[in-house]
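Got the viewer open? Load the model, switch to cartoon view and follow along stop by stop.

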Amino acid sequence: MRTVKMERGGESLITSKRGWPMRDTADGFIAHESDLGDVTATDLQAALRAYCKYMWGDPCGGEVDLAVADVPEEYLDDEAPPSGIAFSLNKGQLRLSLTVWLDDYLDEGYDDGEAEAYKESLTLMLERLGCELLHVGAHPNVGSAPPYFTEIHIRTPIRGKSLADMHAIGQDVLAFIDALQGGVLTRETAVSLLRAEKGDLLIGQPEGPWLDVKVDHYDLSGRTGKISLAQAVARFANAEHGGVIVVGMKAKKVPSGEIIKAVQPVPMDARMQRKYEIAIEQHLYPPPDYLNIELVPHGQGMLVVLSLPPQPEELKPFLVHGAIVDGSVEGAFISIVRRRGEASIPITAPSIHATMAAGRALLRRGEVRGLDDEN
């Protein structure tokens, strides 16, 4: 028995729970999101094909969709506003269709690079889910000023899937798009996804100049782990763009570098935040501005997220008290590192000397006050 079918006359789709009416705009049907778990994607495809055959004499000859509403159930009718997620039939094949408002105007014929940036990021995210990005671009009713009405079409697996399964993919894409305003992920938007327990959406994203992941905690019971943590923070503090370190994610090597492979939360432990703070305080100088350490719940465990904005140039270089040389801790050493791409590089002796010489010259001319003067 089919979980949904077309009513004779094509005025609605019928499920075991209720009828889904034709929208008042007459361009498709409307369903309530609470109904989706009881309906299979293959049955909806068959019902929409039946509608196309009824209207145009060909099950693959027209286009029709089923939009989703998230209003209270008692208000579901032909005038209920769609939520931005729909299931559309195109050439007889069911696909996921999304509409969203963006600050960026996306048009393949308008070469500003934004459309390609969105495509690349969305493709990475969807490939992990076994889906394919078919189209992202300006809606026909896009408007002439931001925010711009934008449409996204996605091919998803439908066999053995409920509409709720497809709808969940749509919700993840909308959350990802919300974080992706500007075409590419940034430090701020990645942290927003992590805080919203959407860390899974970062799977497939590359480590790089501002992102580093680690599957396990730093071993803060000894100096080696504390120095390693301080060096990890210093790498981003000495770089241009700041960065994010996530503990509880696994990376894997690929020809282009490393990408995030999986989320593997560490056990929930509220004490870890203070332990991280103390280790950094003990081994990193000067203290970075606005370093934020958060314990973000994820499933039954948590992620440790260290987020660091770009640092003032006058604070650089950030120094790590202690170094790891040939696997051994040298407590009297000072190490200075920075991030470049997904690798770490040492700050060279000439650059350190040049910074110190410039500072001394300014002090000698009285253009920079000493610490005693500031106090």
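Two strands pair if DSSP finds at least two bridges between them. Helices (H or I, at least four residues) and strands (E, at least two) are DSSP runs, numbered from the N terminus. This is a predicted model, in which local features need pLDDT of at least 70 and side-chain atom pairs count only at pLDDT 80 or more, while totals for chains, interfaces and linings use all residues. Residues are numbered from 1 along each chain as its sequence is written, and side-chain values use heavy atoms, with hydrogens and water left out.

**The whole chain**

Start with everything shown. The protein chain has 8 helices and 20 strands. Of its 375 residues, 45% are buried (under 20% relative accessible area; exposed is over 50% and partly exposed lies in between, with a 1.4 Å probe and protein chains only). Now for contacts, meaning heavy atoms within 4.5 Å. Among contacts with a separation of 6 or more, 63% are between residues 24 or more positions apart.

**Stop 1: the sheet of 6 strands**

Select E4 through E9. They make an open sheet with mixed pairing, in the order E4-E5-E6-E7-E9-E8. Which strands stand at the edges? They are E4 (28–32) and E8 (132–138), each with a single partner strand, so each has one side without a neighbour in the sheet. On average, neighbouring strands here are turned by 25 degrees against each other, direction ignored. Axes are lines fitted to C-alpha atoms, for helices over the stretch in contact, and angles run from 0 to 180 degrees between N-to-C directions.

Zoom in on E5 (residues 64–69) and E6 (residues 85–90), which pair in the antiparallel sense over 4 bridges. Show Leu66 and you'll find its bridge partner in E6, Phe87. Next add H3, which packs on the sheet and touches E5, E6, E7 (93–102) and E9 (148–155). The direction of H3 makes about 30 degrees with that of E7.

**Stop 2: the cores**

Keep Phe87 on screen and add Leu13: these two have the most contacts inside the largest nonpolar core, which has 65 residues. A nonpolar core here is a set of buried Ala, Val, Leu, Ile, Met, Phe, Trp, Tyr and Cys residues joined through side-chain atoms within 4.5 Å. H3 (residues 163–179) gives the most to this core, with 7 residues. Apart from this core lies another, of 25 residues, with Ile227, Val233, Ile245 and Val304 among them.

What does Leu13 touch, not counting residues up to four places away in sequence? Its contacts include Trp20, Phe29, Leu44, Leu48 and Leu66.

**Stop 3: the sheet of 3 strands and H1**

Go to the N-terminal end and select E1, E2 and E3. This open sheet runs E1-E2-E3 with antiparallel pairing. E1 (4–6) and E3 (19–21) stand at the edges with a single partner strand each, so one side of each is left without a neighbour in the sheet. The twist averages 25 degrees from one strand to the next. E2 (residues 12–15) pairs with E3 over 3 bridges, and Ser12 stands opposite Pro21 in E3.

Across E1 and E2 lies H1, running at about 0 degrees to E1. In H1 (residues 41–56), pick out Gln45. Is Gln45 buried or exposed? Gln45 is buried, with a relative accessible area of 10%. Leaving aside residues up to four places away in sequence, Gln45 touches Leu89, Gly92, Gln93, Leu94 and Ile158.

**Stop 4: loops with unusual backbone**

Hop to Lys91, in the loop between E6 and E7. Phi of Lys91 is near 55 degrees, a positive value in a residue other than glycine, and Lys91 is exposed at 65% relative accessible area.

The loop between E14 (284–285) and E15 (292–298) holds Pro286, joined to Tyr285 by a cis peptide bond with omega about -5 degrees. Tyr290 is found in the loop between E14 and E15 too, with phi near 60 degrees. Tyr290 is exposed, at 71% relative accessible area. Another cis peptide bond joins Lys316 and Pro317, with omega about 0 degrees.

**Last stop: H5 and H6**

Finish with H5 (residues 223–237) and H6 (residues 272–283), whose axes come within 9 Å and cross at roughly 80 degrees. H5 and H6 are therefore roughly perpendicular (65 to 115 degrees; under 35 counts as roughly parallel, over 145 as roughly antiparallel and the rest as oblique). Show Ile227, Ala230 and Val233 in H5, then Tyr276, Ala279 and Ile280 in H6; they are among the residues that meet here.
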